[in-house]
Amino acid sequence: MRKGKKKFMNPEEMHKYDDILMLPHHVSRVHPQMEVRDRAAQFAPFAALAGHSAAIEESARLTDARRELDENCQEILNRKLQTIQKQISAEPMLTVTYFVPDSKKTGGSYVTVTERVKKIDAYERTMVLADKTKILLEDVIEIELEEDETGRNAETFASFCS
């Protein structure tokens, strides 16, 4: 046979299956017929490394380490908190930078928000902002009191910790 030519069945081979060609389709009495949707799923693309790219992205995502404040910075922060506590009824506006631990790996990120403070809970060591954000005081690394309605700063602090 030459290369490139198609081979057709000869007439004897074509009639070899005449006896079974027109038989009805077999349906099992024991096994239920598979739904079309499930049959289609057999031919869906297969991802041998499902989730692998997500795992790589997660490991490449950077987190910050939690900074520990020295005694001087901690003292400055405590004085700021005392001043805020004295003005709490006026709900002073402040900018707070605090650490948010990462839920999936060690470390986390630092978030800075500007909001009115509603409450400082000395027992739970938390600060509650007007938008109901609850911040652990041990996670706070910087607090800045914003200007009040008169345009003056409620109290100015020199900060050497940032």
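Which residues of H5 are buried? In this predicted model, the buried residues of H5 are Cys 73, Ile 76, Leu 77, Lys 80, Leu 81, Thr 83 and Ile 84. Because they cover an arc of only 160° around the axis, these residues lie on the same side of H5.

## Helix H5 and its two faces

Helix H5 runs through residues 71-86 and so contains 16 residues, with a reach of 23 Å from its first C-alpha to its last, which is close to the 22 Å expected at 1.5 Å a residue. On the face turned away from the buried side, H5 carries the exposed residues Glu 71, Gln 82 and Lys 86.

The cover over the buried residues of H5 includes four stretches of strand, namely E1 (93-101), E2 (108-121), E3 (126-129) and E5 (140-145). Strand E5 is taken up next, through one of its residues.

## Ile 143 in strand E5

Ile 143 belongs to strand E5, and it counts as buried because its relative accessibility is 2%, where the cut-off for a buried residue is under 20%. Leaving aside residues up to four places away in sequence, Ile 143 touches Leu 77, Lys 80, Leu 81, Ile 84, Leu 94, Thr 95 and Met 127. Among these contacts of Ile 143 are Leu 77, Lys 80, Leu 81 and Ile 84, which also appear among the buried residues of H5.

The contact with Lys 80 brings together positions that are 63 residues apart along the chain, with the C-alpha atoms of Ile 143 and Lys 80 separated by 7.1 Å.

## Salt bridges

How many salt bridges does a search of the whole structure find? The search finds five, and three of them are described here, beginning with the pair that involves helix H5. The side chains of Lys 80 and Glu 142 form a salt bridge with an N to O distance of 2.8 Å. This pair links distant parts of the chain, since Lys 80 is in helix H5 and Glu 142 is in strand E5, 62 residues apart. Both partners count as buried, Lys 80 because its relative accessibility is 3% and Glu 142 because its relative accessibility is 7%.

A salt bridge also joins the side chains of Glu 91 and Lys 118, at 2.9 Å from N to O. Here too the pair links distant parts of the chain, with Glu 91 in the loop between H5 and E1 and Lys 118 in strand E2, 27 residues apart. Glu 91 is partly exposed, with a relative accessible area of 24%, and Lys 118 likewise counts as partly exposed, at 42% relative accessibility. In the salt bridge between Asp 38 and Arg 37, the closest N and O atoms are 3.9 Å apart. Asp 38 is partly exposed, with a relative accessible area of 37%, whereas Arg 37 counts as exposed, at 63% relative accessibility.

## A nonpolar patch on the surface

Away from the salt bridges, the surface of the model carries a nonpolar patch formed by Tyr 17, Ile 20, Leu 21, Met 22 and Leu 23, which together have about 610 Å² of accessible area. One of these residues, Ile 20, has its place in helix H2 (residues 18-21), and Ile 20 counts as partly exposed because its relative accessibility is 48%.

Key. Residues numbered from 1 in each chain as written. Predicted model: local features only at pLDDT ≥ 70, side-chain atom pairs only at ≥ 80, totals over all residues. Heavy atoms only, no water. Patch = residues over 30% accessible without salt bridge, like charges linked within 9 Å, V, L, I, M, F, W, Y side chains within 5 Å. Areas by Shrake-Rupley, 256 points an atom, 1.4 Å probe, with all protein chains shown as cover. Salt bridge = Lys/Arg side-chain N within 4 Å of Asp/Glu carboxyl O. Helix = DSSP H or I, 4+ residues; strand = E, 2+ residues; numbered from the N terminus. Buried < 20%, exposed > 50% of the residue type's maximum accessible area, 1.4 Å probe, protein only. Expected span 1.5 Å × (residues − 1). Arc of directions from axis to C-beta. Contact = heavy atoms within 4.5 Å.
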